[in-house]
Amino acid sequence: MMRWWISSLQLVELFVSSMVHMLYGFYIFSTAVAGDLSQAFSDWIFKPNLADGLKRVDSDKSIEGLPPIVLVHGIFGFGKGRLGGLSYFAGAEKKDERVLVPDLGSLTSIYDRARELFYYLKGGQVDYGEEHSKACGHSQFGRVYDKGHYPEWDEDHPIHFVGHSAGAQVVRVLQQMLADRAFKGHENTSPNWVLSITSLSGAFNGTTRAYLDGMQPEDGMSLKPLCLLQLCRVGVILYDWFDVQWLKSYYNFGFDHFNMSRKKIGIWGLVNCLVGRSGPFASGDWILPDLTIQGSMRLNSHIQTFPDTYYFSYATKRTRKIMGVTIPSGLLGIHPLLFIRVLQMSQWSHPPDVSPPYKGYRDEDWWDNDGALNTISMTHPRFPTEHPSHLVVNDSECQPLQPGIWYYKIVDGDHILFIVNRERAGVQFDLIYDSIFERCRKHAFRKTPTMPNQVHQ
């Protein structure tokens, strides 16, 4: 009887979680469509001003000496050009004169996204690497960027990166690839192409939510038979198989290099994908295995913190302790999409019959969380080897900044505090992004920085 009750509760939780996620996805999509329709109507009534276009050209010329700040989205995210005029970073890109917002695969693996980010900046056709592509069963080559968004990128023209969630780990993997000179035809790359990395709720060490959503804690690779991620898997496969071009141009999960379109694989190819014989979910070349604790440790074992790059992170937390018990810190401050997971993650217990992911593992270390990631995971790379770090309470205590150290702050907020809806974060949104951009422009540099008002004087 007890087992029946537990199974019933798990089914109810799965139904509620899937409905909440589906409704939120529909809300985001409909908001983007409504915004686009409103903008189109406004442009039709009020014709675009030619003078504004001329001002933009002058502005572009005045920022040529500034290193760009690149904002890298997280899981289920999108860049400029997707979802119409909706901004993943809630308009933060407008706070600085030279900001790039690339559109990477929203569910593709950390490795694939790092490759895509390189070619987005330098230009050319995305090359996922011959060995990796054969092992994962997808095309070696992907999207073509006729002109890179920063083709002069090199050690003398380094870049600031700001990554949210999994986007922070994407940037770290990219920097390691630059150090390893892993891009064919670009043998002169180095880690010094990256001037600074700022992480917003960054997924450095994995998350226990991956197991709650359906990843098997035994290996961190396979899925449970019935779970939220299985529903997501089926939905993504069907979305790519139907291959409705106007819809995919509006939002794309990023699996085009797996060639899952009905035009290419037919009905039997769809069956093979659904039953797990082919596709990204069969090979494990998608984002969730990289977000388990085991998957993050596999990545971290090959990624360094480099001595000439500045590192910063903002770790979020929506829990507190009362009489030694970790619970969600109030109802109103947590987004409905995340509340159930904040509660579940704060009570997480690693299965006793499964080996712990690392020596010295304790459940209580992972209880503080923001509804998507555990706070311990967001501060700095910790497992399997802890990287140099410094907890920042007052900004003045870490001036002048030293490269090669992860400076981190603990911020009260859930996982989507920094994105999509600016009003939710209130004044905290402006304070955090203003400090990030100011630090990039005034404090994190190898040579004397050129400020915007000094260019072309």
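Is Gln-294 buried or exposed? At 14% relative accessibility, Gln-294 counts as buried. The views below are close-ups of a predicted model.

**View 1. Gln-294 in helix α12 and its contacts.** Gln-294 belongs to helix α12, which spans residues 293–300. Its relative accessibility of 14% puts Gln-294 in the buried class, because buried means under 20% relative accessible area. When neighbours within four places in sequence are left aside, the residues in contact with Gln-294 are Tyr-211, Pro-217, Glu-218, Asp-219 and Gly-220.

**View 2. Packing of helix α3 against helix α5.** Helix α3 covers residues 110–122 and helix α5 covers residues 166–180; the two pack at an angle of about 70°, and their axes are 8 Å apart. This angle makes α3 roughly perpendicular to α5. The crossing of α3 past α5 is right-handed. On the α3 side, the contact consists of Ile-110, Tyr-111, Arg-113, Ala-114, Arg-115, Leu-117 and Phe-118. On the α5 side, Ala-166, Gln-169, Val-170, Val-171, Val-173, Leu-174, Met-177 and Leu-178 take part. By class, the residues of this contact of α3 with α5 are 12 nonpolar, 1 polar and 2 charged.

**View 3. Ser-165, in the loop before helix α5.** Ser-165 sits in the loop between β5 (159–164) and α5. Although Ser-165 is not a glycine, it has a positive phi of about 60°. Ser-165 counts as buried, with a relative accessibility of 5%.

**View 4. Packing of helix α7 against helix α9.** Helix α7 (residues 228–242) packs with helix α9 (residues 262–274) at an angle of about 165°, and the axes are 9 Å apart. At this angle α7 is roughly antiparallel to α9. α7 passes α9 in a left-handed crossing. From α7, the contact uses Arg-233, Val-234, Ile-237, Leu-238, Trp-241 and Phe-242. From α9, it uses Arg-262, Ile-265, Gly-266, Ile-267, Leu-270, Cys-273 and Leu-274. The residues of the contact of α7 with α9 comprise 10 nonpolar, 1 polar and 2 charged.

**View 5. Phe-281 in helix α10.** Phe-281 is part of helix α10, residues 280–283. It counts as buried, at 14% relative accessibility. Leaving aside neighbours within four places in sequence, Phe-281 is in contact with Arg-233, Val-236, Ile-237, Phe-255 and Trp-286. Among these, Arg-233 and Ile-237 also belong to the contact of α7 with α9. Ser-222 is 59 residues from Phe-281 in sequence, and their C-alpha atoms are 8.7 Å apart in space.

**View 6. A salt-bridge network and the loop residue Asn-259.** Asp-240, Asp-243, Lys-248, Asp-256 and Lys-263 are joined in a network of salt bridges. Asn-259 lies in the loop between α8 (245–250) and α9. Asn-259 is not a glycine, yet has a positive phi of about 55°. With 26% relative accessibility, Asn-259 counts as partly exposed.

**View 7. The salt bridge of Asp-368 with Lys-321.** In the whole structure, 19 salt bridges are found. One of them pairs Asp-368 with Lys-321, and the closest N and O atoms are 3.8 Å apart. Asp-368 is in the loop between α13 (336–346) and α14 (375–378), whereas Lys-321 is in strand β8 (residues 319–322). The pair therefore ties together parts that are 47 residues apart in sequence.

**View 8. Salt bridges of Arg-362 with Asp-365 and of Asp-430 with Arg-422.** The side chains of Arg-362 and Asp-365 form a salt bridge with an N to O distance of 2.7 Å. Arg-362 is partly exposed, at a relative accessible area of 43%, and Asp-365 is also partly exposed, at 26% relative accessibility. In the bridge between Asp-430 and Arg-422, the closest N and O atoms are 2.7 Å apart. Asp-430 counts as partly exposed at 25% relative accessibility, and Arg-422 is partly exposed with a relative accessible area of 30%.

**View 9. The cis peptide bond at Pro-384.** The peptide bond that runs from Phe-383 to Pro-384 is cis, and its omega is near 5°. Pro-384 is located in the loop between α14 and β10 (389–391).

Conventions:
Residues are numbered from 1 along each chain as its sequence is written. This is a predicted model: local features need pLDDT of at least 70, side-chain atom pairs count only at pLDDT 80 or more; totals for chains, interfaces and linings use all residues. Side-chain values use heavy atoms; hydrogens and water are left out. Axes are lines fitted to C-alpha atoms, for helices over the stretch in contact, and angles run from 0 to 180 degrees between N-to-C directions. Helices (H or I, at least four residues) and strands (E, at least two) are DSSP runs, numbered from the N terminus. Angles under 35 degrees count as roughly parallel, over 145 as roughly antiparallel, 65 to 115 as roughly perpendicular and the rest as oblique. A crossing is left-handed if the near helix is turned anticlockwise from the far one by less than a right angle, and right-handed if clockwise. Contact means heavy atoms within 4.5 Å. Ala, Val, Leu, Ile, Met, Phe, Trp, Tyr, Cys and Pro count as nonpolar, Asp, Glu, Lys and Arg as charged, and the others, Gly among them, as polar. Buried means under 20% relative accessible area, exposed over 50%, partly exposed in between (1.4 Å probe, protein chains only). A salt bridge is a side-chain nitrogen of Lys or Arg within 4 Å of a carboxyl oxygen of Asp or Glu.
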